[in-house]
Every structure is written in structure tokens, then in C-alpha cells.
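Here is a short tour of a protein model for the bench, taking one region at a time. Keep the structure open beside the text as you read.

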Amino acid sequence: MRIAINPNRESWKALQERPAADFSEMLPKVKPIIEAIQQEGDAALMRFTSEFDKVSIESPIVDLAEIEAAQDLLSEELKTAIRKAAGNIEAFHRTQQEQVKVVEVMPGVTCWRKSVAIESVGLYIPGGTAPLFSTVLMLAIPARLAGCREVVLCSPPDKNGNIHPAILFAAQLAGVTRIFRAGGVQAIASMAYGTESIPKVFKIFGPGNAWVTAAKQYVSQQGVAIDMPAGPSEVLVWADHTADPDFVAADLLAQAEHGTDSQVVLVTNHAELIPKVDAAIELQLADLPRAGIAREALSNSLAVFFESNDVALDFINTYAPEHLILLCDDASVFAERIVNAGSVFIGHFSPESAGDYASGTNHTLPTNGFATAYSGVSLDSFVKKITFQQLTPNGLERLGPTVETMALAETLDAHARAVSIRLQKLKNNALLS
């Protein structure tokens, strides 16, 4: 890890740069794949599956028999863990359901807002070296709670043409309606535009590699909604003299093992902690299966020492981490001052892993500094907010002159006339009666 001691604010921008893919070079390679899916549908999808996933499939559709058979391929311990995580995720997200609140803003003028589910959503779940069945729960459960009519899941097949059984089990448990063996750019394109087998969806969710991210960016420019801008996963740990170096090291490695481009940052006001954490990292790396990945991620990561807690707090809020872990005294007090973060883990016994899997909060979070303006996935991500208004004749008589005045001032005479004609007819009817 690189080490910075009391860096001045002018250097923060450089210190906080994330590793990022060059999408300008990737998009020209992504575009032909997407266009082929648009033009050829399933034929192109299966051709790209053979080319990129190195397996030939007869159909992208995963049938019910295969989904049900997946249960027998998992241990009871894992199925119990997935069920417990699902219960916590559902309990937390259910609290996000909103009741309709009708407001009479003035006599005769009533307004309200209603959450309406996005009818069809697509979930992309990576396979490969780390099949993210936990992400199935994080996306499909709020989609079901929101009332999405169709929840489509795409995940790349393995060399035998199968999807990981834990993904299939989690999908059935969480309420996914249709599952397809499709990965990479071709999966995103299939959900964005539809094929003979895979239905077109209105919004696409889920993580993926740089190619998947580039594909999501491309289709979002063509009118298909996506969850949020995405980059490599990241964690920032704030640790003081009360922090256990073993805890700090474990939290940093938990993030570093995600991928070689993962961003890992330690910020501390206790300089003696840095070498202790380095030593703990080396000990823990010794028996870590993904040690090579973690080491490469750590080589691009950072440890920062600040004498001032206030300056450290400014650095953290400026960085706007996806995950923020507070291993410090009075962690709850410190947490109240955080304004930019995807998800915050408070105290020595709140590892990021808890939120990644089973505490109940969502682990699909803004990266690359987007936590300054974006929230993580929630129930709101799967609904549209539609506003309604209703005016009685008396309400229009009260409000109409205000609307007429404003419309005429903007030289939008037809807007004013839409009110004036009604008011005149109300007046005439009153005279006639």
C-alpha cells in the first residue's frame, strides 16, 4: 500500500483517483455485439456464448426442472444461510414501502404521489470465479416487494452450460420469474432489446466486469434505464488507536479479494497502526485462496495518516467511498458526520461482510465517488413515482388566476387558455343557474 502522511488538500484529488477502465476504447468493441443481438436475437446470443464462454448451448432458457434440481446440489448449511440472509434483506426492504399520502394544498386542490412498480426488470448476475448468488437476493427481493411483474435474470453458463446452483436456488427463493444462461455484453443487450427467448426489460440491474459496465452504459444512452454508474468495488476503513490491526487487515483483504482493480483505503489518526496492519495483512494473505488477486489490488491501494480527525473526516467525505467501515472510539458519533458514502459499518464488530451478505442492507452501491449524489439500490430503485392531482370547480376558481398570470408571463397563451375556457364556462353555468 502507498502511504501518505498529512497530505495537503491539493494532493487529495490525485490520492483519491480510482482505477478505471477506458470505456472510450471499449465501446467500439461492445457496439457490434449489441447490434448483432438486436438483428439476430438468440442466434447471435448463442454464437457469442460459444465464443466468449467457451460452451455451446441449445437454448438460453433455464427450465423449472433444472432450477428445482439445484437444491439437491447445495448443502443444507448453505441453503439455511441463504434463507436467513433473504429473511433479513426482506425485513429491511419491506420497511421502505410507502403509503400514499393525499394532500389538500388549498381548498379544492388535492395532490398525491404513488409508487408504481417497473413492470419488467433485468438482473445481471456474474458467474466465473465468484458466482454472486448474494446479489440475486439483493436485487430480486426488493423487485418482488415493489411488485415488478417480470423479474428476468441472466447469468453466464459454466463450461458444462450450467448456471451455479446457488444462483438458481437464490433466484427461486427471491422471486425471479425467468432465468437465462447468458453472460457478458450479449446478456445486457438481450435484456435491453429482447430476443426470441429473453424478453425486453425496462431497467437493468447488477454488477459485472468492465465489458458489462460498458454495455450497460451503451444501452443507457439508447433509452434503457440502468441501476447506477458502476466501477470497481471499494472500501475505506477509518481506524483510530482502539482498532485491532487484525480486524483492519481482514476488512481490507475482504475488499481486495473482489478483483485486481478493487480500491482499498486505510485512513487513520494513529500512525503506529499502519505497520501493524501491514504485518497482519501478510499473515492473513498466507492462506488466502485469492491472495494473488488481493495482492495486486493492495499494490494500487492507499494508507493515509491525518493528525486531525476533522481533516480526516473531510478526506473521507470527499472520497465518498462505496463502503465505509468505522473502527474507532465513538463510532456512532463519527458516523453522524458522514455525508458521502454508499453504506456505513459502525464499530469494531460490524464488518463489511455482514452487509455484503446478510445484515439486511443492500450491497449494490455507488462506486467511483458517485456516493456524492447516488444512493444504493433500494425498493425505490424498482418503482416509478407518479404524481396525481385533482381540482374541483371551486379549486380551479381559486387556483386558476394564478396559473393564468404565470402562463401569460411566460408567453404560453394556450396554457392560460386551458384554464380561462374552463373558468368562463363555470361562470356562464353559474349565471344560467
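Leaving aside neighbours within four places in sequence, which residues is S381 in contact with? In this predicted model, S381 is in contact with I118, K203, F205 and G376. You will find S381 in the loop between helix 15 and strand 14 (383-391). Is S381 buried or exposed? With a relative accessibility of 14%, S381 falls under the 20% cut-off, so S381 counts as buried.

**The five-stranded sheet**

Let us turn to an open sheet of five strands, in the order 6-5-4-7-8, with parallel pairing. Strand 6 (178-181) and strand 8 (225-226) stand at the edges with a single partner strand each, so one side of each has no neighbour in the sheet. Strand 4 (residues 120-124) and strand 5 (residues 150-155) run parallel and are joined by five bridges. Within this pair, Y124 stands opposite C154 of strand 5. Helix 6 packs on the sheet and touches strand 4, strand 5 and strand 7 (203-205). The direction of helix 6 makes about 170° with that of strand 4.

**Strand 9 and its partners**

How many residues of strand 9 are buried? Six of the six residues in strand 9 (residues 234-239) are buried. In a regular strand, side chains alternate between the two faces of the sheet. Both faces are covered in strand 9: E234, L236 and W238 are buried on one side, and V235, V237 and A239 are buried on the other.

Strand 9 has parallel partners in strand 10 and strand 12. Here are the two pairings next to each other:

| Partner of strand 9 | Bridges | Direction | Residue facing L236 |
|---|---|---|---|
| Strand 10 (residues 263-268) | six bridges | parallel | V265 |
| Strand 12 (residues 323-327) | five bridges | parallel | L324 |

L236 thus has V265 as its bridge partner in strand 10 and stands opposite L324 in strand 12. Together with helix 10 (residues 245-256), strand 9 and strand 10 make a right-handed β-α-β unit.

**Two helices to look at**

Helix 5 (residues 76-94) has 19 residues and reaches 26 Å from its first C-alpha to its last, close to the 27 Å expected at 1.5 Å a residue. Which residues of helix 5 are buried? They are K79, I82, A85, A86, I89 and H93. Seen down the axis of helix 5, these buried residues fall within an arc of 125°, so they line one face of the helix. On the other side of helix 5, E76, E77 and K84 are exposed. The cover over the buried residues of helix 5 includes helix 6 (133-146), helix 7 (165-174) and helix 15 (352-357). Helix 6 is the helix that also packs on the five-stranded sheet.

Helix 17 (residues 413-432) has 20 residues, and its first and last C-alpha atoms are 28 Å apart, close to the 28 Å expected at 1.5 Å a residue. A416, V419 and L423 are buried in helix 17, and what covers the buried residues of this helix includes helix 16 (393-409).

H415 is also found in helix 17. Is H415 buried or exposed? Its relative accessible area is 52%, which is over the 50% cut-off, so H415 is exposed. Finally, the C-alpha atoms of H415 and I5 are separated by 61 Å, and the two residues are 410 residues apart along the chain.

Terms used. Residues numbered from 1 in each chain as written. Predicted model: local features only at pLDDT ≥ 70, side-chain atom pairs only at ≥ 80, totals over all residues. Heavy atoms only, no water. Buried < 20%, exposed > 50% of the residue type's maximum accessible area, 1.4 Å probe, protein only. Helix = DSSP H or I, 4+ residues; strand = E, 2+ residues; numbered from the N terminus. Pairing = 2+ DSSP bridges. Right-handed = clockwise from strand over helix to strand, strands pointing away. Expected span 1.5 Å × (residues − 1). Arc of directions from axis to C-beta. Contact = heavy atoms within 4.5 Å. Axes fitted to C-alpha atoms, helices over the stretch in contact; angles between N-to-C directions.
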